[in-house]
Amino acid sequence: MMQAPKLIAGNWKMNGLAADLAEVSLLVDSLSKAAVNCRVALCPPSTLIARMAETADGSIVEIGGQDCSAEAKGAFTGDTSAAMLADAGATLVIVGHSERRQGHGEDDATVAAKAEAASKAGLAPIVCVGETLQQRETGQAVEVVRRQVMQSLPLALSGQSFAVAYEPVWAIGTGLTPTLAQIEEVHRAVRRAMIERLGLGVAVVPILYGGSVKPDNAAEILAVPEVGGALVGGASLKAADFLAIIRAA
Ligand code: PGA
């Protein structure tokens, strides 16, 4: 089967002001000089989506949101709908990041509703799953992730463009990563659960790994079977680091 190009997506989290668009210009400039064999995306805070989309216009860099409302519109103060993200220039959106699941009480049903709303608005959701340290240490990682996949992927994603990101909570921002064998084990379980939930059509949907991906570990992680890309936090903020990861794909 033809392998889909890997997706290297940067998650800026709550970082970035207008001045930081200079890093995006640097990235776009470097990407225009030498071909890369992967897809590249950046997910800035929503205040920067429109300006970053302008900065990246004409380049291969796709723009994404970091979260969206499950609602289409209305009296939801402070929330942003998927259609608004698309209107600002986004083509992707992260949903169910562990910082949303833990910090904002989002459960699998909420994540599934957001993924469905995103897809309906024409965005490709990147649906995040991942176990906590306690779940890893008590041997529940595969089971927890499998359950999250089954319950966070709405059936409406069948035939639509989307990705899943496996991000162990304990690996995010800590410098810790699972072993390559552990990454492969969970990615294979994610693929099996996706197929069980949505059918064989999802065989080429990318499964990204996220959690302390850096220039010095990207190549080995991206070479693991079933790893279809990376979701990169801290190392996506500087063009040089992010480029090094892109070049490792
Ligand atoms: P990190 O974050 O690369 O800084 O660990 C990854 C993420 O949370 O998406």
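**Strand β3 and an aromatic pair in a predicted model**

In this predicted model, V61, I63 and G65 point one way from β3, while E62 and G64 point the other way, and all of them are buried.

Q: What makes strand β3 mostly covered?
A: Five of the five residues in β3 (residues 61–65) are buried. Buried means under 20% relative accessible area, so each of these residues falls below that cut-off.

Q: Why do strands β2 and β3 count as paired?
A: Pairing requires at least two bridges, and three bridges join β2 (residues 38–43) to β3, so the two strands pair. They run parallel, and E62 in β3 is the bridge partner of A41. Between β2 and β3 the chain passes through helix α2 (residues 49–56) in a right-handed β-α-β crossover.

Q: How do you know that β3 and β4 pair?
A: Two bridges join β3 to β4 (residues 92–95), and at least two are needed, so the criterion is met. These strands are also parallel, with G65 opposite V93 in β4. Together with helix α3 (residues 82–88), β3 and β4 make a right-handed β-α-β unit.

Q: How many aromatic pairs does the structure hold?
A: The structure holds one aromatic pair. Y166 and Y209 form this pair.

Q: Why is the pair of Y166 and Y209 called edge-to-face?
A: The ring centres lie 6.2 Å apart, which is within 6.5 Å, so the rings pair. The angle between the planes is 65 degrees, which is over 60, and therefore the pair is edge-to-face. Y166 lies in strand β6 (residues 163–166) and Y209 in strand β7 (residues 207–210), 43 residues apart. Both Y166 and Y209 are buried.

Key
Residues numbered from 1 in each chain as written. Predicted model: local features only at pLDDT ≥ 70, side-chain atom pairs only at ≥ 80, totals over all residues. Heavy atoms only, no water. Buried < 20%, exposed > 50% of the residue type's maximum accessible area, 1.4 Å probe, protein only. Helix = DSSP H or I, 4+ residues; strand = E, 2+ residues; numbered from the N terminus. Right-handed = clockwise from strand over helix to strand, strands pointing away. Phe/Tyr/Trp six-rings, centres within 6.5 Å; stacked < 30°, edge-to-face > 60°.
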